[in-house]
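Please look through the sequence and the model shown below before reading on. The paragraphs that follow lead from a single residue and its surroundings out to the whole fold and back to the surface.

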Amino acid sequence: MERFFADHDLLLTPTLEQPPVPVGSQRPAALDRLAMQVLCTAAGGQLLRVDRTRDAILASLVGKSMAGQMPYTPVANLTGQPAITLPLHWTAEGLPIGVQFLARSGDEAGLVRLAGQLEVAKPWGGRRPGRTGMR
């Protein structure tokens with residue numbers, strides 16, 4: 001990433017791989033809900049202290065609900081790059097389509113300035129799903 005940002009100010013990616021999914025469509029199955037309840041107990045807390053166990057459990061739960069939906073956002077998580085996602089487009093149904101910007105290490109302020117400029121140019125504060133116009 002350091003080599004990339006030596007020549008580039010920003011990296012632009014989609015936030016999601018597909019349009020947003022309906023609210024509730026990622027609801028965990030009954031068995032997964034039970035597993036999450038167990039993990040929220042004291043015994044579950046002990047399980048989560050074992051790195052391998054924790055990683056396997058989280059990969060299973062997240063993988064089931066988010067599989068293939070967010071292939072671009074983990075880059076910032078893995079590299080520690082500052083990133084921001086902004087709703088710069090909308091589907092015909094009025095759902096936001098996010099755009100992710102990554103910046104060089106330490107340039108959080110640059111992302112905030114960019115967000116401010118983009119919101120002035122293409123306001124999104126009053127947008128709500130299901131509405132194609134502003135309030």
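Two residues are said to be in contact here when heavy atoms of the two lie within 4.5 Å. With that meaning in hand, and keeping in mind that this is a predicted model, one can begin with T15, which is found in the loop between β1 and α2. Leaving aside residues up to four places away in sequence, T15 touches Q69, M70, T73, T85, G98, V99 and Q100. Is T15 buried or exposed? Its relative accessibility is 12%, and because buried means under 20% relative accessible area, T15 counts as buried. A further link across the sequence appears when T15 is set beside F101, for the two are 86 residues apart in sequence, yet their C-alpha atoms are 8.9 Å apart in space.

From this residue one can step back to the whole chain. The protein has six helices and three strands, and, read along the sequence, these elements follow the pattern α-β-α-α-α-α-β-β-α. Of its 135 residues, 22% count as buried, while the surface that the protein exposes comes to about 9200 Å², with carbon and sulfur atoms supplying 61% of that area. If one takes the contacts between residues at least 6 apart in sequence, 57% of them join residues at least 24 apart.

The strands come next. How are the three strands ordered in the sheet? They form an open sheet with the order β1-β3-β2 and antiparallel pairing, in which β1 (10-14) and β2 (83-90) are the edge strands, each of them pairing on one side only. Averaged over the sheet, and with direction ignored, neighbouring strands are turned by 30° against each other. Helix α6 (residues 108-121) packs on this sheet, where it touches β1, β2 and β3, and the direction of α6 makes about 15° with that of β2.

The two pairings within the sheet can be followed residue by residue. On one side, β1 and strand β3 (residues 96-103) pair in the antiparallel sense over five bridges; L10 stands opposite A103 in β3, and L12 has F101 as its bridge partner in that strand. On the other side, β2 and β3 pair, again in the antiparallel sense, over seven bridges. Here I84 stands opposite F101, and W90 stands opposite P96 in β3. F101 thus takes part in both pairings, as the partner of L12 and as the residue opposite I84. β2 and β3 also form a hairpin with five residues between them, and in the turn G94 has a positive phi of about 90°. As a general point for reading such strands, in a regular strand the side chains alternate between the two faces of the sheet.

Beyond the strands, the loops at their ends hold a charged pair. How many salt bridges does a search of the whole structure find? It finds one, and in it the side chains of R104 and D9 meet with a distance of 3.6 Å, N to O. This pair links distant parts of the chain, since R104 lies in the loop between β3 and α6 and D9 in the loop between α1 and β1, 95 residues apart. In general, side chains of opposite charge can pair when their charged atoms come close. The two partners differ in exposure class: R104 is partly exposed, with a relative accessible area of 30%, whereas D9 is exposed, with a relative accessible area of 54%. R104 can also be set beside R3, which has its place in helix α1 (residues 2-7); the two residues are 101 apart along the chain, and their C-alpha atoms are separated by 9.8 Å. R3 itself is exposed, with a relative accessible area of 76%.

The last stop is on the surface, where L31, L34 and V38 form a nonpolar patch with about 300 Å² of accessible area together. L34 lies in helix α2 (residues 30-39). Why can L34 belong to such a patch? Patches are made of residues with over 30% relative accessible area and no salt bridge, and L34 meets the area condition because its relative accessible area is 47%, a value that makes L34 partly exposed.

Note on methods:
Residues numbered from 1 in each chain as written. Predicted model: local features only at pLDDT ≥ 70, side-chain atom pairs only at ≥ 80, totals over all residues. Heavy atoms only, no water. Patch = residues over 30% accessible without salt bridge, like charges linked within 9 Å, V, L, I, M, F, W, Y side chains within 5 Å. Areas by Shrake-Rupley, 256 points an atom, 1.4 Å probe, with all protein chains shown as cover. Salt bridge = Lys/Arg side-chain N within 4 Å of Asp/Glu carboxyl O. Helix = DSSP H or I, 4+ residues; strand = E, 2+ residues; numbered from the N terminus. Buried < 20%, exposed > 50% of the residue type's maximum accessible area, 1.4 Å probe, protein only. Pairing = 2+ DSSP bridges. Axes fitted to C-alpha atoms, helices over the stretch in contact; angles between N-to-C directions.
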